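User: Could you take a close look at one part of this chain for me, the salt bridges around the last helix? Start with whatever else on the surface helps set the scene, and keep it informal.

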Amino acid sequence: MKYFSQFLLLALAVAVLLGLQYQYWLGENGHFESNKLLAKINNQQQLNDNQVGANNLLRTDVYDLKNGLEAVEEHARLDLGLIKPNETFVQVSTAPTTHSRY
């Protein structure tokens with residue numbers, strides 16, 4: 001009888017240990033879920049950093065447009081095709097050239 005109660009106590013301890021290990025590794029807030037969440041956080045942080053860079057670029061562009069005519073002229077040239085008087089317009093093609101022997 002003495003050994004049987006010790007065996008039951010040992011079996012109960014092993015069952016509790018296995019239950020705790022299951023919770024740690026595979027539970028709702030376990031190790032694997034924590035790693036997935038950390039990966040999502042790192043991915044979102046990367047996206048946020050990219051967006052901060054884009055926002056800073058736009059902020060600089062807005063500042064230039066408000067405080068100087070050079071940026072306005074540059075946008076007019078690129079977006080609207082501005083050509084000032086006494087300027088020569090040159091267009092360079094970036095299409096690939098093909099040569100035939102015939």
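Analyst: Let's start on the surface, keeping in mind that this is a predicted model. Tyr-22, Tyr-24, Trp-25, Leu-26 and Phe-32 make a nonpolar surface patch of about 550 Å². Helix H1, which covers residues 2-26, gives the most to that patch, with four residues. Tyr-24 is one of the patch residues, and its place is in helix H1. With a relative accessible area of 43%, Tyr-24 is partly exposed.

Now for the overall layout. The chain has three helices and zero strands, and from the N terminus on its elements run α-α-α. The radius of gyration is 34 Å, well over the 13 Å that the globule rule gives for 102 residues, so the chain is more spread out than a compact globule. Along the principal axes, the C-alpha atoms fill a box of roughly 110 × 55 × 10 Å. As for burial, 5% of the 102 residues count as buried. The accessible surface of the chain comes to about 10100 Å², and 61% of that belongs to carbon and sulfur atoms.

On to the helix you asked about. Helix H3 runs over residues 69-80, so to speak a stretch of 12 residues. From its first C-alpha to its last it reaches 15 Å, close to the 16 Å expected at 1.5 Å a residue. H3 is followed by Gly-81, whose phi is positive, near 75°.

Then the charged pairs. The count comes to four salt bridges, taking a side-chain nitrogen of Lys or Arg within 4 Å of a carboxyl oxygen of Asp or Glu as the cut-off. One of them is away from your helix: Glu-33 forms a salt bridge with Lys-36, with the closest N and O atoms 3.8 Å apart. Both residues lie in helix H2 (residues 31-67), three residues apart, or about one turn of the helix. Why does that spacing suit a pair? An α-helix has 3.6 residues a turn, so residues three or four places apart point the same way. Glu-33 itself counts as partly exposed, at 38% relative accessibility.

Back at H3, Lys-84 forms a salt bridge with Glu-73, and here the closest N and O atoms are 3.3 Å apart. This pair links distant parts of the chain, with Lys-84 in the segment after H3 and Glu-73 in helix H3, 11 residues apart. Lys-84 counts as partly exposed at 37% relative accessibility, and Glu-73 counts as partly exposed too, at 29%.

The side chains of Arg-77 and Glu-87 also meet in a salt bridge, at 2.8 Å from N to O. Arg-77 lies in helix H3 and Glu-87 in the segment after H3, so this pair ties together parts that are 10 residues apart in sequence. Arg-77 is partly exposed, with a relative accessible area of 31%, and Glu-87 is partly exposed with 35%. Put the pieces together and you get one network: salt bridges that share partners join Glu-73, Arg-77, Lys-84 and Glu-87.

So that's your part of the chain: a network of Glu-73, Arg-77, Lys-84 and Glu-87, with Arg-77 in helix H3 and Glu-87 in the segment after H3.

How values were computed
Residues numbered from 1 in each chain as written. Predicted model: local features only at pLDDT ≥ 70, side-chain atom pairs only at ≥ 80, totals over all residues. Heavy atoms only, no water. Patch = residues over 30% accessible without salt bridge, like charges linked within 9 Å, V, L, I, M, F, W, Y side chains within 5 Å. Areas by Shrake-Rupley, 256 points an atom, 1.4 Å probe, with all protein chains shown as cover. Helix = DSSP H or I, 4+ residues; strand = E, 2+ residues; numbered from the N terminus. Buried < 20%, exposed > 50% of the residue type's maximum accessible area, 1.4 Å probe, protein only. Expected span 1.5 Å × (residues − 1). Rg over C-alpha atoms; globule rule 2.2 N^0.38 Å.
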